[in-house]
Amino acid sequence: KGYIPTERSLAERIAALSAANEWDGAAQESLELPGPGKLDPQDWPDKPRVWLYKAGFSNTEIRRHGWYWNPRLERVILPVKDDGKTIYWQGRGFDPARPKAINPAVNRDGLVAKYGSGDWIALTEDILSAAKVGSVGEAWALLGTVLSSSTAMTLAETRRPVLLMLDDDAAGRRGAANASKTLSLLGVWHKQVYFGKDPKCVSRDEIKSRVDAALADATAT
């Protein structure tokens with residue numbers, strides 16, 4: 001009596017999930033940025049753009065960073081570049097039945113995503129947090145919780161203060177503690193800074209205030 005089914009059958013859902021996993025797998029085989037891409041966030045579905053809006057990024061900033069929506073993969077693609085060359089990318093999805101993030105299968109030793117510039121360097125876990133902190137200084141995303149030996153050596157060579165801004169959870173605190181030991185051995189001044197939540201969820205004003213307070217300690221010593 002006029003009833004129109006709006007949900008896909010189980011078979012259709014299984015087929016769609018299988019196809020999506022195949023696209024994910026194919027994308028991860030290459031360092032090339034997966035297409036197609038929609039560059040204007042206003043052309044994206046609600047969930048992915050709200051995810052970036054909640055982290056405090058405007059449409060202008062999203063476009064400037066080169067983040068885009070891939071409708072085939074149904075993911076936001078976050079490119080990581082060095083001197084204009086793509087060295088890594090991450091695809092963030094929003095389907096609970098699929099992996100939250102995918103990335104190319106490359107050697108990540110010493111690989112970081114760098115944002116901003118300044119007299120200090122903050123280390124974060126993820127790309128969005130680095131981009132957020134990088135709007136008030138310089139930040140490197142470790143793409144995880146482990147500070148590699150090569151990245152630690154690079155930090156020592158810069159002779160700049162290092163602020164550890166990993167996520168305020170068990171894994172983040174563990175990673176920050178290990179990074180602190182490594183930096184101490186290299187004679188790098190550093191300080192752990194926690195916000196009670198991921199740096200990407202903190203306002204720029206609060207980030208700057210906490211950075212200023214931490215660096216005041218560096219000046220005092």
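**Exercise 1.** In which loop does L143 lie? Then decide whether L143 is buried or exposed.

*Solution.* Work on the predicted model.
- Step 1: locate the residue. L143 lies in the loop between β7 and α5 (149–158).
- Step 2: check the backbone. L143 has a positive phi of about 60 degrees, yet is not a glycine.
- Step 3: recall the usual case. Most residues other than glycine have a negative phi.
- Step 4: apply the cut-off. Buried means under 20% relative accessible area. L143 has 10% relative accessibility, so L143 counts as buried.

**Exercise 2.** Place R159, and decide whether R159 is buried or exposed.

*Solution.*
- Step 1: R159 sits in the loop between α5 and β8 (162–164).
- Step 2: the phi of R159 is positive, near 55 degrees, and R159 is a residue other than glycine.
- Step 3: exposed means over 50%. R159 has 78% relative accessibility, so R159 counts as exposed.

**Exercise 3.** Find the cis peptide bond that ends at P36.

*Solution.*
- Step 1: go to the loop between α1 (10–27) and α2, where P36 is placed.
- Step 2: read omega for the bond from G35 to P36. Omega is near 0 degrees, and the bond is cis.
- Step 3: compare with the general rule. Most peptide bonds are trans.

**Exercise 4.** Describe the largest nonpolar core.

*Solution.*
- Step 1: count. This core has 34 residues.
- Step 2: find its best-connected members. L163 and W67 are among those with the most contacts inside the core.
- Step 3: find the suppliers. Elements giving at least two residues each include α2 (46–54) and α7 (204–220). α4 gives the most, with five residues.
- Step 4: look elsewhere. Another core, of 14 residues, lies apart and includes V112 and L147.

Note on methods. Residues numbered from 1 in each chain as written. Predicted model: local features only at pLDDT ≥ 70, side-chain atom pairs only at ≥ 80, totals over all residues. Heavy atoms only, no water. Core = buried A, V, L, I, M, F, W, Y, C linked by side-chain atoms within 4.5 Å. Buried < 20%, exposed > 50% of the residue type's maximum accessible area, 1.4 Å probe, protein only. Helix = DSSP H or I, 4+ residues; strand = E, 2+ residues; numbered from the N terminus.
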